[in-house]
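Please look through the model below before reading on. The paragraphs that follow go from the meeting of two domains to the surroundings of a ligand, and then to some details of the backbone.

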Amino acid sequence: MTIELWGRPTSARTQKVLLALAELGLPYNLTLASATMGAAGHVAKGNVAFGVVDTPEYRAMNPNGTVPTIRDGGFTLWESNAILQYLAMTYDPAGFYGNDIRRFASAARWVMWENNELIPPMHNLVKHTIRLPEGERDPEIARQSLERLEKAWLIVEAQLGRTRHIADDAWSYGDIPMTIRVHRWVLLRGTEALTPNVVRYYADVSARPSFDAVRDPSMHLAG
Ligand SMILES: N[C@@H](CCC(=O)N[C@@H](CS)C(=O)NCC(=O)O)C(=O)O
């Protein structure tokens with residue numbers, strides 16, 4: 001069965017789903033949807049957004065009007081990390097968490113941590129260095145975001161000194177958000193911004209065939 005996905009390739013949360021679907025090799029149909037970005041860039045620069053998210057049909061599926069949303073058969077789901085967990089448990093418990101509840105929980109911890117500690121500062125960094133028109137960018141917000149990210153990456157560095165992947169030695173669905181964050185960080189700051197264990201990790205995760213789903217720099221740096 002083909003999975004329906006609403007989202008935009010420039011959205012890191014949509015990218016989580018694209019990466020999971022690539023890992024699983026599942027067929028999907030992507031409907032471009034967004035209130036803030038379109039094919040030419042961000043609405044803050046006068047571009048036209050993909051739309052869809054404000055229609056009554058979309059709001060009935062996802063009252064937030066955000067992306068991503070999926071529909072799998074008769075089942076509709078939003079909230080990117082919940083989608084990852086649904087896909088993991090439905091389609092590949094062995095590959096996505098070793099069919100092990102502790103690895104599942106450890107991966108859950110890291111996807112929540114990524115959501116709380118990495119997404120907000122990285123979102124602000126991209127917004128205030130790329131997406132907003134130059135006159136609306138605040139260098140102080142960009143500076144504080146960088147500072148917060150540099151501290152957060154030290155936590156990742158320490159974890160990757162204990163385990164080869166983020167939740168355990170084996171790859172898990174917890175590596176999906178982390179792969180996207182590390183890749184985006186490299187595109188924003190260069191490989192010289194990476195600490196040694198993160199360098200090793202980036203080499204590992206970017207060598208997975210699924211990485212092609214999120215490799216294109218324009219998915220991360222489009223403004
Ligand atoms: N917690 C939600 C957040 C969803 C969210 O804020 N998505 C962003 C894209 S990453 C969005 O919809 N932005 C506005 C838009 O593109 O219309 C999730 O993880 O799915």
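**Two domains, a ligand and the backbone**

In this predicted model, the rule finds 2 salt bridges across the interface of domain 1 and domain 2. One pair to look for is Glu23 with Arg208, whose closest N and O atoms are 2.8 Å apart in the salt bridge that they form. Side chains of opposite charge can pair when their charged atoms come close. For the chain as a whole, the count of salt bridges comes to 10 by this rule. The pair of Glu23 and Arg208 links distant parts of the chain, since Glu23 belongs to helix H1 while Arg208 is in the loop between helix H8 (196-206) and helix H9 (218-221), 185 residues apart.

The two parts that meet here are, according to the domain assignment of the protein, domain 1 (3-91) and domain 2 (98-210), and their centres, taken over C-alpha atoms, are separated by 21 Å. Contact between them involves 20 residues of domain 1 and 22 residues of domain 2, and together the domains bury about 1,700 Å², of which 62% is on carbon and sulfur atoms. Of the area that domain 1 buries against domain 2, Leu19, Glu23 and Gln85 supply 29%, more than any other three residues. Glu23 therefore appears in two roles at this interface, as one of the three residues just named and as a partner in a salt bridge, a pairing that requires a side-chain nitrogen of Lys or Arg within 4 Å of a carboxyl oxygen of Asp or Glu.

Polar contacts also cross the interface, where the rule finds 9 residue pairs, both residues of each pair being at pLDDT 80 or more. On the side of domain 1 that touches domain 2, helix H1 (12-24) and helix H3 (80-91) each supply at least two residues, and H1 gives the largest share, with 8 residues. Sorted by class, this side of domain 1 holds 9 nonpolar, 6 polar and 5 charged residues.

Turning to the ligand, which residues are around it? They are Arg8, Ser11, Arg13, Ser34, Ala35, Thr36, Thr66, Val67, Pro68, Glu79 and Ser80. An N or O atom in the side chain of Ser34 is 2.6 Å from an oxygen atom of the ligand, while in Ala35 it is a polar backbone atom that is 2.6 Å from an oxygen atom of the ligand. Glu79 faces a nitrogen atom of the ligand instead, with a polar side-chain atom 2.5 Å away from that nitrogen.

Val67 and Pro68, both listed around the ligand, are joined by a cis peptide bond with omega near 10 degrees. Pro68 is found in the loop between helix H2 (56-61) and strand S5 (69-72). A second backbone detail concerns Val52, which has a positive phi of about 75 degrees although it is not a glycine, and which is found in the loop between strand S4 (41-42) and H2. Most residues other than glycine have a negative phi, and most peptide bonds are trans.

Key
Residues are numbered from 1 along each chain as its sequence is written. This is a predicted model: local features need pLDDT of at least 70, side-chain atom pairs count only at pLDDT 80 or more; totals for chains, interfaces and linings use all residues. Side-chain values use heavy atoms; hydrogens and water are left out. Domain bounds come from an automatic or database domain assignment. Contact means heavy atoms within 4.5 Å. Buried area is the accessible area (1.4 Å probe) that two parts lose on being put together, summed over both. A polar contact is a pair of N or O atoms within 3.5 Å; within protein, one must be able to donate a hydrogen and the other to accept it, and residues adjacent in sequence count only if both atoms are side-chain atoms. Helices (H or I, at least four residues) and strands (E, at least two) are DSSP runs, numbered from the N terminus. Ala, Val, Leu, Ile, Met, Phe, Trp, Tyr, Cys and Pro count as nonpolar, Asp, Glu, Lys and Arg as charged, and the others, Gly among them, as polar. A residue is near a molecule or strand if one of its heavy atoms lies within 4 Å of it.
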